[in-house]
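Me: I would be grateful for a close look at one part of this protein, followed by an account of how the rest of the chain is arranged around that topic. Please keep the discussion to what the coordinates support.

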Amino acid sequence: MATSNASDHLDQIRTGYTFTEPSIVLGAAKVEGEVHADCLVRLPLGMMNRHGLVAGATGTGKTITLQVLTEQLSEAGVPVFVSDVKGDLTGLSTPGTSSEKLLARTQSVGMQWEAKNYPVEYFALGGDGSGVPIRATITSFGPILLSRILELNETQESSLQLIFHYADQKGLELIDLKDLRSVISHLTSDEGKDELKDLGGLSKATAGVILRELITLESQGMEKFFGEPEFNTSELLRTAPDGRGVISSLELSTLLQKPLLFSTFLMWLLADLFQELPEVGDVEKPKLVFFLDEAHLLFRDASKAFLESIMTTVRLIRSKGVGIFFVTQTPKDVPADVLGQLANRVQHALRAFTPDDAKALKQTISTFPTSPYDLEEALTQAGTGEAIVTVMNESGAPTPVAWTKMWTPRSNMGASESGVVTAAVQASPLLNEYGTAVDRESAFEKLSGDPAAGVPSTGGSAQGSSDGTTTQGSVSQGSPAGAEQDIHAEARRIEEEILGRPANVPAGGSSAPESGPQSAPQEAPEPVKEAPKSRPKPKDNVVMDVALDVANQLGREFLRGIFGTRRRRR
């Protein structure tokens with residue numbers, strides 16, 4: 001396997017992974033088929049804000065690696081955020097079980113193993129699960145991220161920004177989806193048609209398209225995520241009384257049904273953290289580390305502008321002491337510009353069953369530093385729980401490539417019993433703060449003229465329904481075809497209720513033909529980049545107001561400007 005003397009190779013790895021600053025251990029080096037317990041492969045804590053990638057085929061040990069990294073970060077006092085797709089990471093709350101086989105393995109990699117559990121806080125998007133609900137207001141989420149969820153084109157996105165600006169100027173708070181659709185309904189009504197005309201870049205047809213997309217979003221049950229109390233992202237930075245970092249685990253059991261909401265939520269979360277955290281530069285250990293499982297969903301069908309926003313976030317947020325690790329099957333799941341920002345690599349085995357697989361393998365090999373290993377052999381023959389590693393050392397240079405037999409988690413490998421998670425949620429100090437949705441007076445109530453017109457929240461509590469029944473407006477969880485029919489039926493019901501006329505979404509589920517923004521080029525004016533210098537601003541030019549607002553805030557609101565998010569009310 002090796003093309004140089006084994007002893008020299010081992011010394012090269014040992015020297016490359018010996019650090020003076022605090023570090024975590026990944027495992028023991030493997031050279032010419034032999035594991036060396038005295039040659040540990042480490043990752044400096046101070047380099048974890050340079051981000052990383054954990055990749056490998058299904059069943060090669062990515063989740064276990066994520067668990068090992070999370071445990072050691074917590075023990076070092078570093079808060080961690082993990083996205084838990086399969087529920088396996090609930091095992092962090094339960095001590096592992098010792099066995100003769102486990103102890104033999106841990107001894108072979110130089111690990112003094114003992115069973116432990118860790119401080120875990122369980123969360124769920126909008127209460128869609130058993131964890132403490134995470135919610136965001138429509139205003140703080142912003143028009144750009146919302147446009148991504150609604151899959152709007154550029155014209156419609158520009159129009160949505162005008163609607164947000166109108167609501168802001170009129171003092172119409174956009175807290176949840178019904179607030180936004182009530183503003184749009186007002187602008188398309190007889191009462192609001194004059195104000196609609198004043199919004200030069202917004203047509204009634206475009207407003208109607210956005211309204212129907214909002215109704216569909218609401219009928220899919222995503223309205224639970226938008227609302228109050230809004231989650232304060234500083235809750236992710238806590239440590240336990242014993243000094244260990246709190247692990248924030250986001251339950252994503254419905255990820256495959258709602259990948260766009262998940263990916264866009266993460267961008268909102270990172271943008272909000274960037275806004276709130278101070279600049280710290282290079283630090284001994286990170287303030288927070290993210291592990292984003294199923295990372296390919298973050299980039300699926302993403303626009304060029306959105307990918308540029310992600311790349312900017314990854315590049316800039318490290319100065320706030322935040323590290324981001326993407327967990328996925330192959331490096332090609334991550335866009336090249338983002339991949340180039342990931343300094344730490346833990347690559348589990350790859351499979352080369354097809355020509356595309358073989359091509360991906362060669363591309364992966366080309367991204368590693370030159371090594372005495374035969375990397376093609378290493379990447380295809382590494383066993384479960386083994387990985388090919390290179391990280392950034394304390395000087396900012398890549399370490400030698402190390403075929404590594406990974407350490408073993410001290411907590412349970414697999415899901416905890418449901419009662420353990422339930423008990424952790426019920427004991428959470430955050431449950432009283434975020435457990436129950438609040439519906440205060442906002443745009444919906446102001447435009448309806450009835451302060452008591454708020455619609456009670458459904459499914460917004462972490463406790464859920466005791467009898468297992470669904471609340472009004474929920475969607476059937478049966479077959480995909482049945483669920484889709486239910487969604488369209490619910491969309492028609494909501495639209496008819498709002499507009500007081502037959503819905504434009506037909507029973508078959510396809511939208512009515514649109515002659516709106518796509519066939520009306522005049523609805524897509526060029527965005528105004530700056531105000532004319534030779535004349536004063538027109539009094540009622542709303543488009544110009546938007547441009548001037550952006551120009552005035554650009555310097556101090558850079559990252560929020562990228563995503564269109566707003567500063568929250570504290």
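In which helix do Arg-14 and Asp-11 both lie, and how many residues apart are they?

Reply: Both residues belong to helix α1, which covers residues 6-16, and they are 3 residues apart, about one turn of the helix. The model is a predicted one, and what follows should be read accordingly. Within α1, the side chains of Arg-14 and Asp-11 form a salt bridge with an N to O distance of 3.1 Å. Arg-14 has a relative accessibility of 28% and therefore counts as partly exposed. Asp-11, at 38%, likewise counts as partly exposed. The pair does not stand alone, for Asp-11, Arg-14 and Asp-38 are linked in a network of salt bridges.

The count of salt bridges in the model comes to 14. Two further examples link parts of the chain that are distant in sequence. In one of them, Arg-50 is joined to Asp-282, with the closest N and O atoms 3.0 Å apart. Arg-50 sits in the loop between β2 and β3, whereas Asp-282 sits in the loop between α10 (259-276) and β8 (288-292), and 232 residues separate the two. Their surroundings can be described by accessibility: Arg-50 counts as buried because its relative accessibility is 16%, and the cut-off for that class is under 20%. Asp-282, by contrast, is exposed, with a relative accessible area of 57%.

In the other example, the side chains of Glu-121 and Arg-238 meet at an N to O distance of 2.7 Å. Glu-121 is part of strand β5 (residues 120-125) and Arg-238 is part of the loop between α9 and β7, so this salt bridge ties together parts that are 117 residues apart in sequence. Glu-121 counts as buried, at 5% relative accessibility. Arg-238 counts as partly exposed, at 21%.

Several of these residues adjoin or belong to strands, and the sheet is the next subject. An open sheet is formed by 12 strands, in the order β2-β1-β12-β11-β10-β3-β9-β8-β4-β7-β5-β6, with mixed pairing. β2 and β6 (132-134) stand at the edges, and each has a single partner strand, so one side of each is left without a neighbour in the sheet. From one strand to the next, the twist averages 30 degrees. At the β6 edge, β5 and β6 run parallel and are joined by 3 bridges. Leu-125 has Ile-134 in β6 as its bridge partner.

The loops that flank some of these strands contain backbone features worth noting. Most residues other than glycine have a negative phi, and most peptide bonds are trans. Glu-32 departs from the first pattern, with phi near 50 degrees. Glu-32 lies in the loop between β1 (23-31) and β2 (34-44), and at 46% relative accessibility it counts as partly exposed. His-51 also has a positive phi, of about 70 degrees, although it is not a glycine. The loop between β2 and β3 (52-55) holds His-51, and the same loop holds Arg-50. His-51 counts as buried, at 1% relative accessibility. As for the peptide bonds, the one from Glu-228 to Pro-229 is cis, with omega near 0 degrees. Pro-229 is located in the loop between α9 (204-219) and β7 (247-251), which is also the loop of Arg-238.

Another link between distant parts of the chain involves glycine. Gly-61 and Gly-385 are 324 residues apart in sequence, and their C-alpha atoms are 5.1 Å apart in space. Gly-61 is found in the loop between β3 and α2 (62-75), and it counts as buried, at 17% relative accessibility.

Finally, one helix pair can be set beside the sheet. Helix α6 (residues 154-169) packs against helix α7 (residues 177-187) at an angle of about 95 degrees, with the axes 11 Å apart. The two helices are therefore roughly perpendicular to each other. On the α6 side the contact involves Leu-160, Ile-163, Phe-164 and Tyr-166, which meet Leu-180, Val-183, Ile-184, His-186 and Leu-187 in α7. The residues of this contact divide into 8 nonpolar, 1 polar and no charged. The salt bridge within α1, by comparison, joins Arg-14 and Asp-11 through their side chains.

Technical notes. Residues numbered from 1 in each chain as written. Predicted model: local features only at pLDDT ≥ 70, side-chain atom pairs only at ≥ 80, totals over all residues. Heavy atoms only, no water. Helix = DSSP H or I, 4+ residues; strand = E, 2+ residues; numbered from the N terminus. Buried < 20%, exposed > 50% of the residue type's maximum accessible area, 1.4 Å probe, protein only. Salt bridge = Lys/Arg side-chain N within 4 Å of Asp/Glu carboxyl O. Pairing = 2+ DSSP bridges. Axes fitted to C-alpha atoms, helices over the stretch in contact; angles between N-to-C directions. Parallel < 35°, antiparallel > 145°, perpendicular 65-115°, else oblique. Contact = heavy atoms within 4.5 Å. Nonpolar A, V, L, I, M, F, W, Y, C, P; charged D, E, K, R; others polar.
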